[in-house]
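Q: Please take a close look at one part of this model, the hairpin, and then set it in the context of what surrounds it. I would like the cut-offs behind each term as you go.

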Amino acid sequence: MSRTISIEPVTRIEGHARITLQLADTGEVEDAKFHLTQFRGFEKFCEGRPYREMPALTARTCGICPVSHLLASNKACDDLLAVTIPPTAEKLRRIMNLAQLLQSHALSFFHLSSPDLLLGWDSDPAQRNIFGVMRADPQLAKNGIRLRQIGQTIIETLGGKKIHPTWVVPGGVNEPLTAEKRDAMLAMLPEALTIAKDTYAFYKTLVPKFQDEASHFGTMKTLFLSLVSPDGHLEHCNGYLRIKDAEGRIVEDMVPPGEYPRLIGEAVEDFSYMKFPYYKPLGYPKGIYRVGPLARLNNADACGTPYADVALAEFHTLQEDSGPIASSFHYHYARLVEIIYAIESMQRLLKAPSILDTRVRARARGNKSEGIGVSEAPRGTLMHHYKIDDEGLITWVNLIIATGHNNLAMNRSIKQVADAYVDGTDVKEGMLNRVEAVIRCYDPCLSCASHAFGQMPMVVEIANAAGEVVRRIARG
Amino acid sequence: MPLPVPQTNVRVVTLKVDGQDYSAREDETIIEVCRENKIPIPSLCWMDGLSVVGACRLCVVEIAGSPRLQAACATRVREGMVVQTNTDKLQRYRRTIVELLFAERNHICSVCVSNGHCELQWLAQTCGVDHVRMPYRNAGYSVDSSHEMFRVDHNRCVLCTRCVRVCDEIEGAHTWDVMGRGSGCQVVTDLAKPWGDSESCTSCGKCVQVCPTGALVKQGTSVGEMVKDQTFLSILARRRSHR
């Protein structure tokens, strides 16, 4: 008798999702699906609004990474204005984006994933949360909270608000940086770097324990998509699109972000509200690719900052062959490398004398009918694409959110984990936690709303072919 | 009520507001006395320098001996008048009025160019509107961005008609007027032409400055950037009256 296991909601992720595992009569996993269960409709209800509202409107898709949307949206608006923003504004935006990367990665690693890594996949679900981490390793939890606070404080210092700042505007930013604010931000960064390096060193000692997970948590051959700088380095703000294949060959390089429609198609499946982007030349679903920290580090020739480059070199030793790192489990590792990079880069940018330049905004009106803005959000490449009418009102919107790029990979990953760990004849909570944990590797931002972890109940229902629930496992 | 014509010989009356004695010129309205004496009464359609329409009813007060509430902007002071400006009943009425304004059109503060500089937003805070108890209408209204310098977003309009009055009474262009009835009512330029096609508009921007919300704004402003300057109005109104 075939059965279905439904994990709903998936916990310690950002947003609402459900996982269903279809079991065969023998108890083996026949199919696994990751469902995004909510619909929001941003692309539709933004139509008719003035394009200058778009940065604030689209930033509301997310409470964790509003800065990413703010940046991609403003870049699309810059494109509509047909302006080159002042160099200082570009640097200031870059700092805010790096601060966002820092706080979001800290949230993902410390608050959401460290309970699994530190306490174990099979530990008591009641303890397997940030409070459990606080009890088991108070300093680690404290460091995580402090690191996130530093990222958020930098965003607030620049933009006036931790969440949904409006300081980034089409054409640049609306206020130059003062020396006092710069000094306040610089004063926090040495502590952040110490925490980041300590955590990285600690995590390196944990990695050998997770050999098994590393080989089953989304270990697969896919393409990798990310932005890279003109010299091929790690890039989160501007730059060009690069796609590498599973063997490390560069398939597409130095593609201007405005040409993304040539590379990316979006497929639709009836079991999820999330679209399934794919690499067009390979078709769907063969054109599966991954984005995010793992893809960025796989694609970048170097980070360009001292400690991060050392960490990048160590990252590439995680697997024996010389190709891109294939396991999605190593998203965690990549996140820590990027945290170091973000802190070092912010230090470098803030120390440049030109950062206090007061020319930070280019003013213009809509000079093009179509604008595309691409940036790297913490979870991956974020694309905003708008069309406007002659009056500057939005007529069409396409948003490809980082988590969407990873949709195919996430679905394939849960199947792989379920195959490896879920025994349909005796379903244990720890097995299902591994299925959830592989999703956490991608740090998906589903509803783009933050939820308190550990408070959402997870209910697993095992139903028979007639739809009757034969077993129910509940937690929370 | 038309714009007041200054008179030279007016009597002074005494009245009681919230238990305090005040003196005032007999040609003054209650709201003017309250503003002079820093007694807070919320208002939306009333504006110093413009004629009075008494439309928003936010400035309603209780007057001893009167069976119903009176708009402070449209009621002249009288000798011996006893006025209450902030009773529980008034607070309840005002909060309901503000809630109805929010429910009627789409006032999405977080993405509005007037966020942080909006009179409706301040009123909501003053009147304790922490949520809206009636269902939102969610009706879609148009945005007219055809003018080179300004934009009108009818989603944010509260129909205070300040724009209509300032354009007529101060600028003298009478570009703005009101069209339709009930919830279909909206301000229009030149008999409902797109603003950019208006032949009467002088592009002076007075309507934008007096608009209490993000309905009339400057082009090129992003969220929270539309800060309005209304100090010009009382100065211009005073100079007009002296001509």
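A: Strand β1 (residues 12–17) of chain B pairs in the antiparallel sense with strand β2 (residues 20–25) of chain B over six bridges, where strands are DSSP runs of E with at least two residues, helices are runs of H or I with at least four residues, and both are numbered from the N terminus; two strands count as paired if DSSP finds at least two bridges between them. This is a predicted model, in which local features need pLDDT of at least 70 and side-chain atom pairs count only at pLDDT 80 or more, while totals for chains, interfaces and linings use all residues. Residues are numbered from 1 along each chain as its sequence is written, and chains are lettered from A, with ligands numbered from 1, in the order in which they are written.

Within the hairpin, Thr14(B) has Ser23(B) of β2(B) as its bridge partner. Two residues lie between the strands, and Asp18(B) takes a positive phi near 50° in this hairpin.

As for the surroundings, chain B is divided into domain 1 (12–86) and domain 2 (104–242), with bounds that come from an automatic or database domain assignment. The centres of these two domains of chain B, taken over C-alpha atoms, are separated by 25 Å. Twelve residues of domain 1 of chain B are in contact with 17 residues of domain 2 of chain B, contact meaning that the C-beta atoms, placed from the backbone, lie within 7 Å. On the domain 1 side, the touching residues divide into nine nonpolar, two polar and one charged, where Ala, Val, Leu, Ile, Met, Phe, Trp, Tyr, Cys and Pro count as nonpolar, Asp, Glu, Lys and Arg as charged, and the others, Gly among them, as polar.

Between the chains, the contact takes 18 residues from chain A and 13 residues from chain B. Helix α2 (residues 54–59) of chain A gives the most to the side of chain A that touches chain B, with three residues, and by class that side has seven nonpolar, five polar and six charged residues.

Chain A also offers an antiparallel pairing to set beside the hairpin: β12(A) and strand β13 (residues 380–388) of chain A pair over eight bridges, with Leu382(A) in β13(A) as the bridge partner of Ser375(A). These strands belong to an open sheet of three strands in the order β12-β13-β14 (chain A), with antiparallel pairing, and its edge strands, β12 (370–377) and β14 (394–400) of chain A, each pair on one side only.

Terms used: Contact = placed C-beta atoms within 7 Å.
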